[in-house]
Amino acid sequence: MRDFAAPHTRMPTANFTGSQEALFSPVQVRALMAAEFERARRYGEPLAGLLIGVDRLGQLTDFYGYEAKSEILEAIAELMNENLRAGDFLGCRIEDSLLLILPYTGRDGARALARRILSGARALVFEGGGRTLRISVSISAAYSDNPSSNHFSGLLEVTGNGLRAATEDGGDRFIEWKPVESDFDRLRRDLEDRIQSLRSDLPGGAPRETANMQDIAPAPLAAAAPVPPAAEEVPVAEAESSASLELSLSAKLRSLLDAQAAEGQEDSAALQGKIQELLTQHNRQIDVLERRISKLTRNLELTEDELKRMSLLKDVDVGVASIYRDVQGLNADAESAEAKKHMMANIFEANMELQTQINERARKD
Amino acid sequence: MSDADKKEGVLYIGIDLGTSRTSVSASNGVRETVGSYVGYPKDVVSQKLLKKDVLFGDEAVEKRLSLRFYRPLEHGVLKNSNADDKSDNEIQRAAEDLLKEAIRLAKPRKDELVYAVIGAPAQASIHNKEAIVRAARQTVDSVMLCSEPFAVAYGLEMLDDVLVIDIGAGTVDLCRMHGTMPEDTDQITLTSAGDFVDERISENIRTSFPEAQFSVQMIKAIKERHATVATDTERIRVDLPVKGKPTSFDITDELRNACRDMIPPIVEGLGKLVATFDPEFQERLKNRVLLAGGGSQIRELDSAIEEYMHQELGGGKVIRIEEAIYGGANGALKIAHDMPAEYWEKLS
Ligand SMILES: Nc1ncnc2c1ncn2[C@@H]1O[C@H](COP(=O)(O)OP(=O)(O)O)[C@@H](O)[C@H]1O
């Protein structure tokens with residue numbers, strides 16, 4: 001059994017266990033992470049976040065007990081210490097996963113580290129109750145220059161979603177999760193696959209990627225494609241109209257590919273160029289559509305507001321005219337006018353003060 | 001609407017923002033009252049059925065099972081007006097909607113400026129006051145708060161050295177008035193109020209007639225119809241179900257005893273407020289006691305309190321205000337009216 005006690009002296013900016021002896025508490029580490037993230041964003045430096053989860057940790061815990069769980073998590077934390085220098089990262093635990101923030105680290109660095117942690121985890125051996133236990137981990141990454149993770153909580157969300165997806169896919173893998181995969185994205189991926197297979201069929205064409213961590217390599221077209229809007233921002237109507245656009249796009253693509261097959265030997269770069277052109281055109285169409293829809297939505301909202309207002313007014317008559325105004329204010333010869341005047345001034349001043357307080361608070365908030 | 005459009009006239013509104021009832025008196029002669037209850041449909045189905053986004057007063061009470069139901073002024077003050085979680089926000093929103101409703105009830109014309117005086121419970125915290133003003137400002141052109149007992153006293157031209165007894169649902173507020181703003185030492189709050197009486201009546205009936213079936217709502221309605229502390233009245237008979245069958249009961253004593261239970265703590269409180277007042281004016285104060293609030297409508301309560309004061313404090317005079325429901329609102333309207341125009345303008 002490995003001894004994972006007291007590794008904290010070597011990782012001053014990580015606290016995976018909530019240990020009191022660590023330099024920073026987990027809460028402080030989180031704050032440092034957020035600050036580091038902000039700094040990276042401000043200066044346009046790369047920053048990567050990795051979320052690491054142990055596959056089937058829940059079952060392992062049920063089976064081997066709570067101590068096994070912390071032992072495993074500590075072993076993973078130790079893996080990171082072995083692969084990184086203490087000052088190069090920030091680390092803390094989020095529920096049962098470990099979060100790493102890697103300043104000055106881009107995609108390449110993150111992928112390399114992920115690969116090392118994946119294989120390191122596979123090599124870990126635990127013993128308990130006379131049995132040997134092996135584990136695997138899933139890792140999800142997000143980057144500060146990615147629009148969907150361009151604030152710290154967004155980054156956390158992306159890594160969280162990615163980790164879930166990686167685990168659901170069977171674990172033991174690394175994922176760079178893309179926030180929303182629209183129909184359009186899926187279509188594009190299908191297309192990429194077709195291009196790939198087409199390419200490998202071509203004499204001298206590139207072989208299909210078969211790497212274990214195929215998710216790591218960015219697809220050639222994905223990099224150039226615009227980031228799809230977040231799912232919740234897409235109104236239903238838009239989804240429908242873009243669906244019909246997708247249809248015409250796929251028809252166009254099919255005829256393009258068919259023509260290609262008929263012609264035979266055109267090189268793949270030219271094909272890719274044509275497809276790219278088609279996609280760009282398509283994107284422009286979608287863009288116009290989107291803008292039109294958002295304008296319509298806004299108009300609709302305004303109309304609805306107005307309708308609501310009208311319906312509220314409907315059962316209200318024009319009102320009853322006030323009978324005062326002319327007789328406003330205290331009559332000088334009214335009974336105890338002086339005393340009343342004094343009282344009115346008091347009430348007014350108290351309210352003036354109240355208003356000042358309200359205004360001040362509003363300014364502060 | 002711009003001020004230029006509104007130069008024509010001003011509508012003055014007096015509002016009494018109470019725990020169980022919000023009343024409005026306006027300078028156009030409108031007087032309205034609405035229960036201080038606010039409800040929002042629980043779900044889309046309820047919303048479709050109720051055909052409304054928000055319900056108030058009795059209607060809200062009646063439909064409360066399909067509503068998220070609030071008494072935003074419970075305990076006399078805006079609940080949790082400085083908290084920030086969701087339901088607290090909705091309480092705040094409920095208070096705002098209630099105020100808006102009160103102002104709507106006053107039927108302001110579009111071309112009028114609206115100036116409102118709101119009588120707030122004397123014990124309202126600064127937070128509550130701010131919340132009330134903020135809510136009101138969304139609907140009116142200028143707003144002022146004053147303490148509710150002051151409004152009641154001012155409405156009756158009792159400007160100084162007055163003791164106000166305000167019997168509400170949740171609290172009885174005793175307030176010594178000298179000047180416009182009562183201080184903490186001028187106030188005593190008792191919990192033996194309307195709701196307390198309802199419970200006592202229920203207990204008494206349960207003891208005398210264990211077979212009778214009833215709910216607190218029924219008891220409250222009976223109280224509001226028959227409540228009296230007089231000894232020489234006609235017998236009070238009501239029908240209560242026994243195993244589902246309406247049966248007549250004589251509840252005269254049960255009702256009267258429950259109502260009388262309110263008196264000793266009130267007189268004890270009055271005694272304290274008198275004793276800690278300038279000795280020179282103690283006599284005057286004792287003889288200027290105003291009985292207000294929904295609970296003041298219990299018949300003969302004024303003379304019963306007076307009698308008890310004679311016994312315990314060696315004298316006293318209690319005046320029941322004529323309009324229990326509109327006493328605060330009328331007073332607030334009078335203040336709105338007596339307030340010089342320049343003050344209103346400065347606050348708008
Ligand atoms: N006719 C009546 N007789 C006795 N009690 C009454 C009567 N009408 C209302 N009440 C009671 O007065 C209380 C409400 O008083 P109100 O001044 O409206 O309350 P609040 O100041 O809390 O808004 C309730 O307990 C109600 O049952």
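**Side-chain pairing in chain A and the ligand shell of chain B**

The side chains of R39(A) and E45(A) are joined by a polar contact of 2.6 Å. This pair belongs to a predicted model. R39(A) sits in helix α1 of chain A, which spans residues 26-43. Beyond its neighbours within four places in sequence, R39(A) touches P103(A) and Y104(A) as well as E45(A).

Confidence was examined next. The predictor assigns the complex an ipTM of 0.85 and a pTM of 0.55. For chain A the average pLDDT is 71, and 60% of the residues score at least 70. Two stretches of this chain can be singled out. Residues 1-11 of chain A have pLDDT below 50, and this stretch makes 22 contacts in the model beyond near neighbours in sequence. Residues 203-242 of chain A also have pLDDT below 50, here with 51 contacts beyond near neighbours in sequence.

For chain B the average pLDDT is 87, with 94% of the residues scoring at least 70. In residues 1-6 of chain B the pLDDT is below 50; nine contacts beyond near neighbours in sequence are present in the model for this stretch. In residues 79-84 of chain B the pLDDT is likewise below 50, and the stretch has 14 such contacts.

The ligand site was then described. The ligand is surrounded by 16 residues. The closest are T19(B), S20(B), K223(B), E224(B) and G294(B). By class, the shell comprises three nonpolar, nine polar and four charged residues. At least three shell residues come from domain 1 of chain B (3-153 + 326-346), and at least three from domain 2 (194-260). Among the contributors, helix α7 of chain B (residues 216-226) gives the most, with three residues.

Both side-chain and backbone atoms approach oxygen atoms of the ligand. A polar side-chain atom of E224(B) lies 2.6 Å from a ligand oxygen. For G294(B), a backbone N or O atom is 2.8 Å from an oxygen of the ligand. For R21(B), the distance from a backbone N or O atom to a ligand oxygen is 3.1 Å. On its own, the ligand has 580 Å² of accessible area, and the protein covers 90% of this.

Methods:
Residues numbered from 1 in each chain as written. Chains lettered and ligands numbered in written order. Predicted model: local features only at pLDDT ≥ 70, side-chain atom pairs only at ≥ 80, totals over all residues. Heavy atoms only, no water. pLDDT = per-residue confidence, 0-100. Contact = heavy atoms within 4.5 Å. Near = heavy atom within 4 Å. Polar contact = N/O pair within 3.5 Å; in protein donor to acceptor, adjacent residues only side chain to side chain. Areas by Shrake-Rupley, 256 points an atom, 1.4 Å probe, with all protein chains shown as cover. Helix = DSSP H or I, 4+ residues; strand = E, 2+ residues; numbered from the N terminus. Nonpolar A, V, L, I, M, F, W, Y, C, P; charged D, E, K, R; others polar. Domains from an automatic or database assignment.
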